[in-house]
Amino acid sequence: MSKQLLTQEELQELQTIKQDILSIASAFGELEFQNTILQLEKEKLVSQVKEVKERETAALRSFGKKYGDGIINLETGEIDPRS
């Protein structure tokens, strides 16, 4: 049985397909890399949110002890006592 060869066009088609696959795989890798960076940024922001909420809770607790329970007007600083 003799060897058979693809035509030049068939070989070119397979080479193009292979190059497309490599290009797509590279794009997926880049996308995953960017996703990892975004995940790290998200974790950083979540940590910042937790820290700010802890500061808020501590401040409100401190103000509650000093002034009693009430609603604080953030524009005027006025405290409306709760009934």
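**Reading a helix, its end and a pocket**

Q: Which residue follows α1, and what is the sign of its phi?

A: In this predicted model, α1 is followed by Gly68, and the phi of Gly68 is positive, near 85 degrees.

Q: How many residues does α1 have, and what span from its first C-alpha to its last is expected at 1.5 Å a residue?

A: An α-helix has 3.6 residues a turn, so residues three or four places apart point the same way. Here α1 is made up of 60 residues, for which a rise of 1.5 Å a residue leads one to expect 88 Å, and the distance from the first C-alpha to the last, 87 Å, is close to that value.

Q: What pattern does the protein chain follow along the sequence?

A: The order is α-β-β, with one helix and two strands in the protein chain.

Q: How should the radius of gyration of the protein chain be read against that of a compact globule of 83 residues?

A: The protein chain has a radius of gyration of 32 Å, whereas a compact globule of 83 residues would have one near 12 Å. Taken along the principal axes, the box filled by the C-alpha atoms is roughly 100 × 20 × 20 Å.

Q: What percentage of the residues of the protein chain count as buried?

A: With buried taken as under 20% relative accessible area, 0% of the 83 residues qualify. The protein chain exposes about 8,200 Å², of which 58% is supplied by carbon and sulfur atoms.

Q: Where is Asp80 found, and why does Asp80 count as partly exposed?

A: Asp80 lies in strand β2, which covers residues 79-81. Asp80 counts as partly exposed because its relative accessibility is 48%, and the partly exposed class lies between 20% and 50%. Although Asp80 and Gly68 are 12 residues apart along the chain, their C-alpha atoms are separated by 9.9 Å.

Q: How much space lies in the largest pocket, and which residues line it?

A: Rolling a probe the size of a water molecule over the atoms shows where empty space is left. In this model the largest pocket holds about 180 Å³ of space, and its lining includes Leu60, Phe63, Tyr67, Gly68, Ile79 and Arg82.

Q: Which elements supply at least two residues of that lining, and how do the lining residues divide by character?

A: Both α1 (8-67) and β1 (70-72) supply at least two residues each, and α1 gives the largest share, four residues. By character, the lining of the largest pocket divides into six nonpolar, three polar and two charged residues.

Definitions and conventions:
Residues are numbered from 1 along each chain as its sequence is written. This is a predicted model: local features need pLDDT of at least 70, side-chain atom pairs count only at pLDDT 80 or more; totals for chains, interfaces and linings use all residues. Side-chain values use heavy atoms; hydrogens and water are left out. On a 1 Å grid over the protein atoms alone, a cavity is a set of points where a 1.4 Å probe fits but cannot get out, and a pocket is an open set with protein on both sides within 12 Å along at least five of seven lines; lining residues have an atom within 4 Å of a point. Grid points are joined across faces, edges and corners, and a volume is the space filled by probe spheres set on the points. Ala, Val, Leu, Ile, Met, Phe, Trp, Tyr, Cys and Pro count as nonpolar, Asp, Glu, Lys and Arg as charged, and the others, Gly among them, as polar. The expected span of a helix is 1.5 Å times one less than its number of residues. The radius of gyration is taken over C-alpha atoms; the globule rule is 2.2 Å times the number of residues to the power 0.38. Buried means under 20% relative accessible area, exposed over 50%, partly exposed in between (1.4 Å probe, protein chains only). Accessible areas come from the Shrake-Rupley method with a 1.4 Å probe; for residues, only the protein chains shown count as cover.
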